[in-house]
Structures are given as structure tokens and as C-alpha cells.
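Biologist: I am new to reading protein models. Could you walk me through one, feature by feature?

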Amino acid sequence: METNRHNFSSGPSILPDEVLQKAAQAVLNFNDSGLSLIEISHRDPAFVDIINSARSQALELLNLQDKGYSALFLQGGASLEFVRVAYNLLSKNGTAGYINTGSWSNNALNEASYFGKIVEVASSKDKKYNYIPKNIEIPSNLDYLHITSNNTIYGTQFKEFPQTDIPLVCDMSSDIFSRVLDFTKFDLIYACAQKNAGTSGVNLVVVKNELLERIKKPIPNIMNYRKHIERESMYNTPSVFSVYVSYLTLNWLKDSGGVEAMERKNRAKAHLMYSEIDRNNLFFGNASVEDRSVMNATFFLKDEKLATQFNTLCLKEGIYGINGHRTAGGYRASIYNAMPITSVQLLVQVMQYFEAHFG
Ligand SMILES: Cc1ncc(COP(=O)(O)O)c(C=O)c1O
């Protein structure tokens, strides 16, 4: 879809053109079948191939194929995984540890507290979540430790992960597939799709099978990771359109050089963005420099009274979606995998023009 819009939305967010084209085509006429993708059975062999291929592609991109992990496309957003994680992994008399680095971590922690004892192992709430806590002491008696790798709202990101033998659960909603990591360090990864892995309507869960073997308590099927694995992510009707968009997005990702290539491009975009935030006299960034997110660059006007002028300028240039989260204010440029560097260059030029004319 060729447009003159530059989409910095935090999610649902920019998708590659070819993904949009193919998804649109499949809605009209799926694989030349004369039927729409969204009117055929999810048990149709063509769709079964798609979901299975997307599941194995996800493992391959994370370099987790043949390493005892399963990938699932489930529903309910990352918010449902907040609940499902605790339902499955928190034992009757056990305790789960949470590192609280933003509103999403805080939600994850609160939802888990319905299932048992939770400890907040570390928090950056004291400084409005503008940093990532370091040198965290992790109690040895935890059922699991939960972290949020990238804090979409506040623009911070874990660069190093806690070293621990305790099962590590990570909400990677806003930075999955954006950088190369040793993903075997994680026992369970989940991510809503609508940032780097497709569109809303599905959440990707990647889980080490061994982690689930120790679960003894009864869990309703729809909440039970083991049941979803056993049924190959088809326990109930999957969100076929969203799974298809994830399938196309993951194929695009692979054809574009995989996670390594994404990381290189993402670093270049983030460098451009943060250099301008630091250089420009009218703006400032408040996320701690060493913890800055490569996916969501947050920044603020030094003089709020200039907001209308800056917003008008952005609108005129087709810059969409840079307002900060309603709870955080300011601006946030979300520069996910599909965002071309040319859009970041344009935003930087607009910031420079703004400084020259309003500074
Ligand atoms: C890090 C993180 N976790 C969880 C969520 C919640 O995802 P959902 O709205 O799919 O439940 C978001 C949404 O933006 C997010 O950024």
C-alpha cells in the first residue's frame, strides 16, 4: 500500500506492504480457491499448513527449533497470557517473582496475584519507570520470574537479562524478533502480535515443553498450555485472519534476512532518532540512556506550549501515531521492524525544521 503516511503507531502498528497486499488478496480470493480466507474452515488443510508453518517459522526465527520448545498462536492478547502464565506456572503454595518496569509488568503482576503469592523482586516505579533496575537479587524459592523485555509505554528495554536458574518468563510483546538473543535462556516467551509479529487477534507463546511437565494441578483446557500444544494450537477456532497475517509477517521477516538483519536496521533507526532527541534544543528524552528502547523512542517538548505547532507540522508531513501513551504524555516514535528508515529520517527532518522555526 503506497501512501505518504509514516506510521509510528505503537500497536497495532505498521506492517510491510507485501503483507498487507497478500492479506487483502487472501480475504478476497484465498490461494485462487474462489473463497475467502475468512470463510473457510480452520480445519481446511490449506489453513492447517499455514498455522503449522507459522509456528515452526516462529521457532526458527528465534533459533529454537529442535530445542524442546513449542510455539502456539492463542487469543486474548498478551493480557490473557498474564493470566494463563500464572494459572499454569504458579503452584498451590508457591511464589512468583515479578520485575515491575512499567504499566504492562504491573498489570501482569496484578493479574497473577489472583492465583497465589507474588513478590515484586524489583521495580522502577520510583522514577516513573524511566530505567531498568540493575543488580537484582532474585529469591531462590520462586516458581518463576517474570520480566517485560521492552516497556512500550516508557521506552525502556532490558539489554541484559537476569542470570538465574529459576524459570524465566518474558513478555516480549514489543520487541520480539527485533534483536538476536540467546532465547534458550527463556522458559516461556509471549507476545501480542500487533507490533512485530502481525496484527491484533493473536498472541504468540513459545514455551519450553519441559517446564509444563511439572504442572500437577487441574487447569481448564482453554487456559492450559499443554492442551493447546497437544491440539497443535487448534483446541478451539483460531483467529484465522490474524494467524495468516502473522504467517505472512514471519515469512517477510525471514526473506528480509531474519532477526539479525532486523537488529542491524533497528539499531540504525534508533541511533538516528535518539541522536536527534539529544541534539534538538526543543526536545528531551527522559528514559535512562543505557536502557533506551530500540523499539519505542519516547521524548518530550521542553515547552509544552509548542505542542500544537509541532503536532500540526507532523500532521502536514503525514506523520501518524507519535503521541505518547495517554498515561505518559509527550511523544513516542515506535520504530518496529517494518518501519523504514526513510520515515525516521523524515521525522528527524521535521524536528529539525521545527527547531529552526520555533526555537
Ligand atoms: C509489553 C506489552 N505487554 C502487554 C501488552 C498488552 O497486549 P494486549 O493489548 O494484546 O493484551 C502490550 C500492549 O501494548 C505491551 O506493549
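Modeller: We will go through the sheet, the aromatic rings and a few chosen residues. Keep in mind that this is a predicted model.

Biologist: Let's begin with the sheet. What is the order of the strands in the open sheet of seven?

Modeller: Reading across it, the order is β2-β10-β9-β8-β5-β3-β4, and the pairing is mixed. The edge strands are β2 (69-74) and β4, each of which pairs on one side only. Neighbouring strands in this sheet are turned by 20° against each other on average, direction ignored.

Biologist: How do I follow the pairing from one strand to the next?

Modeller: Look at the bridges. Strand β3 (residues 95-100) is joined to β4 by six bridges, and the two run parallel. Four bridges join β3 to β5, again running parallel. A96 is a handy residue to click on: its bridge partner in β4 is I118, and its bridge partner in β5 is Y144.

Biologist: And how many bridges join β5 and β8?

Modeller: Four, with the strands paired in the parallel sense. One place to look is L145, whose bridge partner in β8 is L168.

Biologist: Is β5 mostly covered or open?

Modeller: Mostly covered, since six of its seven residues are buried. As for helices, α4 lies across β3, β4, β5, β8 (168-171) and β9 (188-192), and it runs at about 160° to β3.

Biologist: What should I know about the two faces of a strand?

Modeller: In a regular strand the side chains alternate between the two faces of the sheet. Strand β14 (residues 331-334) is a good case, as both of its faces are covered. Y331 and A333 are buried on one side, and R332 and S334 are buried on the other.

Biologist: Which strand is joined to β14 by four bridges?

Modeller: That is β12 (residues 296-301), and here the strands run antiparallel. The bridge partner of F299 in β14 is Y331. Both F299 and Y331 also belong to one aromatic cluster, together with F283, F310, F354 and F358.

Biologist: That brings us to the rings. How do I describe two of them together?

Modeller: A pair of aromatic rings is described by the distance of the centres and the angle of the planes. The structure holds 17 aromatic pairs. One of them is Y87 with F115, a tilted pair at 4.9 Å centre to centre, with 40° between the planes. This pair links distant parts of the chain, 28 residues apart: Y87 is in helix α3 (residues 77-89), and F115 is in the loop between α4 (103-112) and β4 (117-123).

Biologist: Why do Y87 and F115 count as partly exposed?

Modeller: Buried means under 20% relative accessible area and exposed means over 50%. Y87 has 22%, so it is partly exposed, and F115 has 27%, so it is partly exposed as well.

Biologist: Why is the pair of Y129 and Y154 called tilted?

Modeller: The planes of Y129 and Y154 stand at 50°, with the centres 5.0 Å apart. Angles under 30 degrees count as stacked and over 60 as edge-to-face, so the pair is tilted. Y129 sits in the loop between β4 and β5 (142-148), while Y154 sits in the loop between β6 (150-151) and β7 (156-157), 25 residues apart. Y129 and Y154 are both buried.

Biologist: Which residue has its charged end over the ring of Y131?

Modeller: K127, at 5.7 Å from the ring centre.

Biologist: Can we finish with the database record?

Modeller: In an unreviewed entry, UniProt lists residues 7-347 as "domain: Aminotransferase class V". The end C-alpha atoms of that span lie 11 Å apart, and the span is 35% helix and 18% strand. UniProt also places the feature "binding site" (unreviewed entry) at S10 and R43. They are spread over 34 residues of sequence and also spread in space, up to 33.0 Å between C-alpha atoms.

Biologist: Where is S10 placed, and is S10 buried or exposed?

Modeller: S10 is in the loop between β1 (6-7) and α1 (17-28). Its relative accessibility is 15%, so S10 counts as buried. Leaving out residues up to four places away in sequence, S10 touches T152, K195, R332, S334 and Y336.

Definitions and conventions: Residues numbered from 1 in each chain as written. Predicted model: local features only at pLDDT ≥ 70, side-chain atom pairs only at ≥ 80, totals over all residues. Heavy atoms only, no water. Phe/Tyr/Trp six-rings, centres within 6.5 Å; stacked < 30°, edge-to-face > 60°. Buried < 20%, exposed > 50% of the residue type's maximum accessible area, 1.4 Å probe, protein only. Lys NZ or Arg CZ within 6 Å of the ring centre and 35° of its normal. UniProt positions renumbered as here; feature names shortened; annotations may be inferred. Pairing = 2+ DSSP bridges. Axes fitted to C-alpha atoms, helices over the stretch in contact; angles between N-to-C directions. Contact = heavy atoms within 4.5 Å.
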